Amino acid sequence: MHEDGNDGTGGGTAPVAPRCVDQEFLALERELTVLLRRARANQGEMAREVHPDLEPAAYGLLIRLDEQGAQRATDLAAYIGVGKATMSRQLRALEDLGLIAREPDPADGRAWLVTLTGEGRGRVGQVREARRARYVSQLAHWDRREVAELARLLHELNGIAEK
């Protein structure tokens, strides 16, 4: 007999439905899966809008630099959740595209800070503004309080995921 209770002859029992209390979490999983799949696709589109040769994963680095300003590579790696070698490769690619620059850290002469170049800041700004305009258009029928509540809940969920 198989682990699922089916004897392999096709006459086994149907899968047991999850308990009612799990329905909300199954719905959450389903909707997050769709959201994340679409977010990955959107991230690729936005990366190409910044620069045709930009890797989708590097787009998040540009957003972080745009929002937080100069950062050490080690801090960026920790925030994104990648190793030093991966971060170094991504930063080198961004530097080659003229989107970031490295400058000595005034607090520690041995370290470097990564910043957006003027070109990088301009391109990221254009893409972010276009994305915000799409959100406004797509959610025009929503009440602003609903948009704020969605943002609050996603912020809370992201905070839990960081722990």
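**Exercise 1. Leaving aside neighbours within four places in sequence, with which residues is Gln90 in contact?**

Solution. The model is a predicted one, in which local features need pLDDT of at least 70 and side-chain atom pairs count only at pLDDT 80 or more, while totals for chains, interfaces and linings use all residues. Residues are numbered from 1 along each chain as its sequence is written, and side-chain values use heavy atoms, with hydrogens and water left out.

Step 1. Gln90 is placed in helix H4, residues 84-96; helices (H or I, at least four residues) and strands (E, at least two) are DSSP runs, numbered from the N terminus.

Step 2. Gln90 counts as buried because its relative accessibility is 6%; buried means under 20% relative accessible area, exposed over 50%, and partly exposed in between (1.4 Å probe, protein chains only).

Step 3. Beyond the neighbours within four places, Gln90 is in contact with Ala57, Ala58 and Leu61, where contact means heavy atoms within 4.5 Å.

**Exercise 2. Determine how the elements of the protein are ordered along the sequence.**

Solution. Step 1. The protein has 6 helices and 3 strands.

Step 2. Along the sequence they follow the pattern α-α-β-α-α-β-β-α-α.

Step 3. Of the 163 residues, 23% count as buried. Among contacts with a separation of 6 or more, 46% come from residues 24 or more positions apart.

**Exercise 3. Compare the span of helix H1 with its expected value, and find what its buried residues pack against.**

Solution. Step 1. Helix H1 (residues 23-50) has 28 residues and should span 40 Å at 1.5 Å a residue; the expected span is 1.5 Å times one less than the number of residues.

Step 2. The end C-alpha atoms of H1 are 40 Å apart, which agrees.

Step 3. Gly44, Met46, Ala47 and Val50 are buried in H1. The buried residues of H1 pack against helix H2 (56-68) and helix H5 (118-138).

**Exercise 4. Describe the surroundings of Arg128.**

Solution. Step 1. Arg128 belongs to helix H5.

Step 2. Arg128 counts as buried because its relative accessibility is 12%.

Step 3. Leaving aside neighbours within four places in sequence, Arg128 is in contact with Tyr59, Ile63, Asp66 and Glu67.

Step 4. Arg128 and Met46 are 82 residues apart along the chain, and their C-alpha atoms are separated by 8.3 Å.
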